[in-house]
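Reader: Could you take me through the aromatic contacts here and show how each label is earned?

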Amino acid sequence: MLAADLSLNSSDFHSGERTFQLLTQAAGRAGRGDIPGNVVMQTYQPTHYSILAAKDQDYEAFYEEEIAYRELMDYPPAAHMLLILITSEKEEEALADLIEEKAPQIRCLGPSDAVVAKVRDIYKKVIYCKHKDYEQLIEIKDRIAQTIQADAGFAKVMVWFDFDPMNQA
């Protein structure tokens, strides 16, 4: 496997998990029947826990490292996450101030450009909010939705919500 660790460099918190899955799956297919196979992994990060656990096919070791990381950073399943995707014709329109005034106790990251930041003159921004209490995230989603519907200033702004997202926006 060449450049086996490239997927570790994505900006998604699932990157370690995806790398581990890909490498263990590929290594598991080496060999045929009674004939053992050999696996060679080229990596720029040979000491990364995903690479080491995949090399040893050690699911428990991978889980222990990954869950500790997610607990430290408040990522699912240790906490819940709300992805807010905002699209608008004006780049500066965002909801970060609205979130801060409506729910100061919720930890939010962003707004930042989405992976694809502009399509057909429509800007895309993302905000990630994290909290251990799922109900708190539902509450902020409801407040944002109500404010957007009631405020004519958001008439051309589209907002999507995704709870505990599996893919980066």
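Author: Happily! Rings of Phe, Tyr and Trp (its six-membered ring) pair if their centres lie within 6.5 Å, and by this rule there are six aromatic pairs. This is a predicted model, where local features need pLDDT of at least 70, side-chain atom pairs count only at pLDDT 80 or more, and totals for chains, interfaces and linings use all residues. Residues are numbered from 1 along each chain as its sequence is written, and side-chain values use heavy atoms, with hydrogens and water left out.

Reader: What makes the pair F20 and Y59 edge-to-face?

Author: Planes over 60 degrees apart count as edge-to-face, under 30 as stacked and the rest as tilted. The centres of F20 and Y59 are 5.3 Å apart and their planes are at 90°, so the pair is edge-to-face.

Reader: And why is the pair F20 and F62 called stacked?

Author: Here the planes are at 0° and the centres 4.3 Å apart, so F20 and F62 are stacked. This pair links distant parts of the chain, with F20 in helix α1 and F62 in helix α3, 42 residues apart. Helices are DSSP runs (H or I, at least four residues), numbered from the N terminus.

Reader: How do you know that F20 is buried?

Author: Buried means under 20% relative accessible area, exposed over 50% and partly exposed in between (1.4 Å probe, protein chains only). F20 has 4%, so F20 is buried. F62 is buried as well.

Reader: Which residues form one aromatic cluster with F20?

Author: Y49, Y59 and F62 join F20 in that cluster.

Technical notes. Helices (H or I, at least four residues) and strands (E, at least two) are DSSP runs, numbered from the N terminus.
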